[in-house]
Amino acid sequence: MARTGILENEQGITEKKGIWFYEPSDFAKEHLFYPMWGGEYVCTAPYKVEREYLDAFMLFSIIEGEMYYRYEGETFCAGSGQFVFLDCHRPNCYWAEAPMRKKWIHFNGRQAGAYHDLIYSEYGACLSGRSRASSALVQILNSLENGVVNDHRMSLLIHEILADLATSPEDSRQLQIIAPALDHISRNYKEEIRVEDLAALCNVSAVYLTRLFRQELHRAPHEYLQQIRLNHAARLLTDTGDSVESIAETCGFSGSTHFIRMFKKRYHTTPHQFRKLF
């Protein structure tokens, strides 16, 4: 890690790239995520930032060393390879006790607060294994440095960061566990399928399988099965002239009345009206 003397008037900063500022369009401010400013610092003690309020959110990628944080009543340390997401509308403090390097941006956007609260409730403010988020942050900073910034591209990259932070690194492993159940449903959706049978295919309990379905697909196994049946029913309504009664039977519904009720609940229209739209 490069080390020079403390920069004049910047306590604890020994090397810096940036700050690069950006002024988004009115459209971006109203509808998109947008960066405000960012940079890359090498810091050491006595570097410390403490604030009560700033109308922005902040993303850190720790490249080398460690940075310490006090946020939401907790004190924690983020190390190399970790990501930190703060809502600066809330009191926060961060500091270095030894040489460290970080990349960071302040950003904003109408849905940023909701994303922060979702991510913080699931994983806290410090997150590991977020390689896609780190890559997207590098692209944002490169664009800010070069002065070639497109509002929509920036919003897409910030959204990619937030989506990566909102996704558990365990997701791929958990999806592998439920893969036999998903495959069985896709091939046998017309038949009666019990959660216990799906669980046996995955070598887990029915309770654990249901928990994984809710975590990964945001619905229980029977709700996922219904979704697959409705998907096939919608395709038959648009691609064939089969009757509603025939489609209900083909797709595994207990009868046309049940099918129509479930179809209206999802598509907010009847199967007959849906077919006319196409």
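**View 1. Ser61 and its partners on two strands.** In this predicted model, Ser61 is bridged to Phe83 of strand β7. Turn to strand β9, and there Ser61 stands opposite Lys103.

**View 2. Strand β4 with β7 and β9.** Here we step back to the strands themselves. Strand β7, residues 83-87, runs antiparallel to β4 and is joined to it by five bridges. Strand β9, residues 100-108, also pairs with β4 in the antiparallel sense, this time over seven bridges. How much of β4 is buried? Of the eight residues in β4 (residues 57-64), six are buried, so the strand is largely enclosed by the rest of the structure. While you look along the strands, it may help to recall that side chains in a regular strand alternate between the two faces of the sheet.

**View 3. Helix α2 and its buried side.** Helix α2 covers residues 112-123. With 12 residues at 1.5 Å a residue, α2 should span 16 Å, and its end C-alpha atoms are indeed 16 Å apart, which agrees. Which residues of α2 are buried? They are Ala112, Tyr115, His116 and Ile119. These buried residues cover an arc of only 100 degrees around the axis, which puts them on the same side of α2. A reminder fits here: an α-helix has 3.6 residues a turn, so residues three or four places apart point the same way. On the other side of α2, you will find Ser121 and Glu122 exposed.

**View 4. What covers α2, and what follows it.** The cover over the buried residues of α2 includes the strands β4, β5 (66-71), β7, β9 and β10 (126-127), together with α4 (151-165). Strand β4 from the earlier view is thus met again here, as part of that cover. Just after α2 comes Gly124, with a positive phi near 85 degrees.

**View 5. Ser143 in helix α3.** Ser143 sits in helix α3, which takes in residues 131-146. Is Ser143 buried or exposed? The relative accessible area of Ser143 is 17%, and with the cut-off for buried set at under 20%, Ser143 counts as buried. Leaving aside neighbours within four places in sequence, Ser143 is in contact with Val148, Val149 and Met154.

**View 6. Confidence along the chain.** Finally, a look at how sure the predictor is. The protein chain averages a pLDDT of 91, and 95% of the residues score at least 70. Residues 1-8 have a pLDDT below 50, and beyond near neighbours in sequence this stretch has 23 contacts in the model.

Key: Residues are numbered from 1 along each chain as its sequence is written. This is a predicted model: local features need pLDDT of at least 70, side-chain atom pairs count only at pLDDT 80 or more; totals for chains, interfaces and linings use all residues. Side-chain values use heavy atoms; hydrogens and water are left out. Buried means under 20% relative accessible area, exposed over 50%, partly exposed in between (1.4 Å probe, protein chains only). Helices (H or I, at least four residues) and strands (E, at least two) are DSSP runs, numbered from the N terminus. Two strands pair if DSSP finds at least two bridges between them. The expected span of a helix is 1.5 Å times one less than its number of residues. The arc is that of the directions from the helix axis to the C-beta atoms. Contact means heavy atoms within 4.5 Å. pLDDT is the predictor's confidence in each residue, from 0 to 100.
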